[in-house]
Every structure is written in C-alpha cells, then in structure tokens.
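Q: Put the model up, please. I'd like to go through it piece by piece.
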Amino acid sequence: MEFVDLLENKALIAAILAWFIAQVIKVVLVLVEEKRFDFGKMISSGGMPSSHSALMTAMTASVGKTMGLDSVAFAINRGHSFADFLEGYAKLRGASEKIN
C-alpha cells in the first residue's frame with residue numbers, strides 16, 4: 001500500500017473531513033461568541049461539536065455505504081461508534097452533575 005492509496009480511501013477521507021469541519025465550527029463559534037480568533041481550538045479536544053463523534057459517524061456511515069450494512073466492517077465500526085457515544089454521554093452527564 002502506498003500513500004496515494006490512502007487518498008482514494010473514501011471512508012478515511014469522509015472521517016477526516018468530518019473531523020476538520022467540526023474543528024472549524026469550534027473556531028468560528030469562539031470567533032462569533034467571544035470576538036476572538038482561537039486557532040488552538042483546531043487542535044484541541046473536547047467541547048461541542050464533538051469532532052471525535054463526527055469522525056466516527058462519518059467513518060461508520062461511509063463503511064456502511066461502501067461495504068454494506070450487513071458487512072463485518074460495518075458491524076465493527078458501528079460497535080466502536082456506539083461505545084464512543086456512550087462514553088461521551090457519560091462524561092457529559094458527569095460534568096453536568098458536578099455543575100448542578
């Protein structure tokens with residue numbers, strides 16, 4: 001496998017693009033709400049929108065579309081996505097309980 005092959009991997013490109021869009025949205029939200037440019041949001045983790053969830057959702061959807069919803073690859077991706085979403089929900093719930 002060569003680097004050029006990675007550029008033809010639709011699932012990977014969809015996942016990276018979704019991550020990038022989520023990160024850009026974070027920068028734009030800070031710019032609009034706080035009137036400052038914070039490029040650090042492009043490389044930071046946490047916050048909304050969740051770039052990790054965007055990445056996993058795009059990857060899972062792309063694998064389902066290209067390999068089929070009955071494929072083992074889709075089942076693995078779906079299971080991983082579900083576990084990630086549950087973990088993110090638990091962290092968000094725990095944080096909100098500490099605030100309230």
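Q: Where does Gly46 lie?
A: Gly46 is in the loop between H2 and H3. Helices are DSSP runs of H or I with at least four residues, numbered from the N terminus. This is a predicted model, where local features need pLDDT of at least 70, side-chain atom pairs count only at pLDDT 80 or more, and totals for chains, interfaces and linings use all residues. Residues are numbered from 1 along each chain as its sequence is written, and side-chain values use heavy atoms, without hydrogens and water.

Q: Is Gly46 buried, exposed or partly exposed?
A: Gly46 is partly exposed, because its relative accessible area is 48%. The cut-offs are under 20% for buried and over 50% for exposed, with partly exposed in between (1.4 Å probe, protein chains only).

Q: And how far is Gly46 from Gly88 in space?
A: The two C-alpha atoms are 9.6 Å apart. Along the sequence, Gly46 and Gly88 are 42 residues apart.

Q: Which residues lie nearest the centre of the largest pocket?
A: Gly46, Gly47, Ser50, Ser53 and Gly88. In total, 16 residues line that pocket. A pocket here is an open set of points on a 1 Å grid where a 1.4 Å probe fits, with protein on both sides within 12 Å along at least five of seven lines; lining residues have an atom within 4 Å of a point.

Q: Which elements give two or more residues to that lining?
A: Helix H3 (51–67) and helix H4 (72–99). H4 gives the most, with seven residues.

Q: How many of the lining residues are polar?
A: Eight are polar, four are nonpolar and four are charged. Asp, Glu, Lys and Arg count as charged; Ala, Val, Leu, Ile, Met, Phe, Trp, Tyr, Cys and Pro count as nonpolar; the others, Gly among them, are polar.

Q: New topic. How many salt bridges are there?
A: Two turn up in a search of the whole structure. The test is a side-chain nitrogen of Lys or Arg within 4 Å of a carboxyl oxygen of Asp or Glu.

Q: Which residues are linked by them?
A: Glu34, Arg36 and Asp38, which make a network. Glu34 pairs with Arg36, and their closest N and O atoms are 2.8 Å apart. Arg36 also pairs with Asp38, at 3.4 Å between the closest N and O atoms.

Q: Why do side chains like these pair at all?
A: Side chains of opposite charge can do so when their charged atoms come close.

Q: How open are Glu34 and Arg36?
A: Glu34 is partly exposed, with a relative accessible area of 44%. Arg36 is partly exposed too, at 39%.

Q: Lys35 sits in the numbering there. What is its phi?
A: Lys35 has a positive phi of about 55°, although it is not a glycine. Lys35 belongs to the loop between H2 and H3. It counts as exposed because its relative accessible area is 69%.

Q: Now helix H2. Where is Ile25?
A: Ile25 is in H2, which covers residues 10–34. Ile25 counts as partly exposed because its relative accessibility is 38%.

Q: What about Leu29?
A: Leu29 is in H2 as well. Its relative accessible area is 36%, so it is partly exposed. Leu29 and Met48 are 19 residues apart in sequence, with C-alpha atoms 9.7 Å apart.

Q: Which residues form the nonpolar patch on the surface?
A: Among them are Ile25, Leu29, Trp19, Phe20, Phe37 and Phe39. The whole patch has about 1,100 Å² of accessible area. Patch residues have over 30% relative accessible area and no salt bridge; nonpolar side chains (Val, Leu, Ile, Met, Phe, Trp, Tyr) are joined within 5 Å, like charges within 9 Å. Areas come from the Shrake-Rupley method with a 1.4 Å probe, and for residues only the protein chains shown count as cover.

Q: Ala18 next. Buried or exposed?
A: Ala18 is buried, because its relative accessible area is 17%. Ala18 is found in helix H2. Its C-alpha is 6.4 Å from that of Ala58, and the two are 40 residues apart in sequence.

Q: And what about Leu12?
A: Leu12 is found in helix H2. It is partly exposed, with a relative accessible area of 27%. The C-alpha atoms of Leu12 and Ser45 are 19 Å apart, with their positions 33 residues apart along the chain.
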